[in-house]
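The following briefing concerns a single protein chain and is organised by topic. Please keep the sequence and the three-dimensional view at hand while reading.

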Amino acid sequence: QVQLVESGGGLVQAGDSLRLSCAASGRTFRRDAMGWFRQAPGKEREFVGGITWSGGGTSYADSVKGRFTISRDNAKNTVFLQMNSLKSEDTAVYYCARTVVPLSRRLNEYDYWGQGTQVTVSS
């Protein structure tokens, strides 16, 4: 079993930055890539970005490309989402999740999810 815990969300102004963390515990593997998703009120959960656990590859949704950066610290089993130039449209609950399909954008290919952390961007 894998446990994921997000942290770092909060209330910021448009143009500000936030760094989210996702700490993984339990049984993890090098092939277990990670992804970030978000869900705004009234919207479906959508892919934000993904990162391979061992290879260093990343992928981003067009809406966040150039503003958000995913990184990881494998020694600490932690994945980060650096969010810069935040917009009100980025307001959502942000989730991290695990997958054995690297850089997948499909919800059904992620098997473990964190509880989410709220990001609110005021304009």
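In this predicted model, Met83 touches Asp16, Ser17, Leu18, Leu20, Arg67, Phe68, Tyr94 and Val119, leaving aside residues up to four places away in sequence. Met83 is also among the residues that touch the most other members of the largest nonpolar core, a set of 30 residues. The points below set out the overall fold, the core, the strand pairings and selected individual residues.

**Overall fold**

- The secondary structure of the protein consists of eleven strands and zero helices.
- Read from the N terminus, the order of elements is therefore β-β-β-β-β-β-β-β-β-β-β, strands being numbered in that direction.
- The radius of gyration is 13 Å, which agrees with the value near 14 Å that a compact globule of 123 residues would have.
- The C-alpha trace spans about 40 × 30 × 25 Å along its principal axes.
- Of the 123 residues in the protein, 42% are buried.
- The protein exposes about 6300 Å², and carbon and sulfur atoms supply 46% of this area.
- Among contacts with a separation of 6 or more, 56% join residues that lie 24 or more positions apart.

**Nonpolar core**

- Besides Met83, the residues of the largest nonpolar core that touch the most other members are Trp36, Phe68, Val79, Leu81 and Tyr94.
- At least two residues of this core come from each of strand 1, strand 3 (18-26), strand 4 (33-39), strand 5 (46-51), strand 7, strand 8, strand 9 and strand 11 (117-122).

**The sheet of strands 1, 3, 8 and 7**

- Four strands, in the order 1-3-8-7, form an open sheet with antiparallel pairing.
- Strand 1 (2-7) and strand 7 (68-73) each have a single partner strand and stand at the edges, so one side of each is left without a neighbour in the sheet.
- On average, neighbouring strands of this sheet are turned by 20 degrees against each other, direction ignored.
- Six bridges join strand 7 to strand 8 (residues 78-83) in the antiparallel sense.
- Arg72 has Val79 in strand 8 as its bridge partner, and Val79 is also one of the core residues that touch the most other members.

**Strands 4, 5 and 6**

- Strand 4 pairs with strand 5 in the antiparallel sense over five bridges.
- The bridge partner of Trp36 in strand 5 is Gly49.
- The hairpin of strand 4 and strand 5 has six residues between the strands, and Gly42 there takes a positive phi near 75 degrees.
- Strand 5 also pairs with strand 6 (residues 58-60), in the antiparallel sense and over three bridges.
- For Ile51, the bridge partner in strand 6 is Thr58.
- Five of the six residues of strand 5 are buried, and the strand is thus mostly covered.

**Val93 and Ala14**

- Val93 lies in strand 9 (residues 92-99).
- Not counting residues up to four places away in sequence, Val93 touches Phe37, Arg38, Gln39, Gly116, Thr117 and Gln118.
- A distance of 6.0 Å separates the C-alpha atoms of Val93 and Val119, which are 26 residues apart along the chain.
- Ala14 belongs to the loop between strand 2 (10-13) and strand 3.
- With a relative accessible area of 40%, Ala14 is partly exposed.
- Outside the residues up to four places away in sequence, Ala14 touches Leu86, Val121, Ser122 and Ser123.
- The C-alpha atoms of Ala14 and Ser25 are separated by 33 Å, the two residues being eleven residues apart along the chain.

**Backbone conformation in two loops**

- Most residues other than glycine have a negative phi.
- Asn77, although not a glycine, has a positive phi of about 50 degrees.
- Asn77 is placed in the loop between strand 7 and strand 8, and its relative accessibility of 24% makes it partly exposed.
- Ser85, likewise not a glycine, has a positive phi of about 50 degrees.
- Ser85 is placed in the loop between strand 8 and strand 9, and at 41% relative accessibility Ser85 counts as partly exposed.

Note on methods. Residues are numbered from 1 along each chain as its sequence is written. This is a predicted model: local features need pLDDT of at least 70, side-chain atom pairs count only at pLDDT 80 or more; totals for chains, interfaces and linings use all residues. Side-chain values use heavy atoms; hydrogens and water are left out. Two strands pair if DSSP finds at least two bridges between them. Axes are lines fitted to C-alpha atoms, for helices over the stretch in contact, and angles run from 0 to 180 degrees between N-to-C directions. The radius of gyration is taken over C-alpha atoms; the globule rule is 2.2 Å times the number of residues to the power 0.38. Buried means under 20% relative accessible area, exposed over 50%, partly exposed in between (1.4 Å probe, protein chains only). Contact means heavy atoms within 4.5 Å. Accessible areas come from the Shrake-Rupley method with a 1.4 Å probe; for residues, only the protein chains shown count as cover. A nonpolar core is a set of buried Ala, Val, Leu, Ile, Met, Phe, Trp, Tyr and Cys residues joined through side-chain atoms within 4.5 Å.
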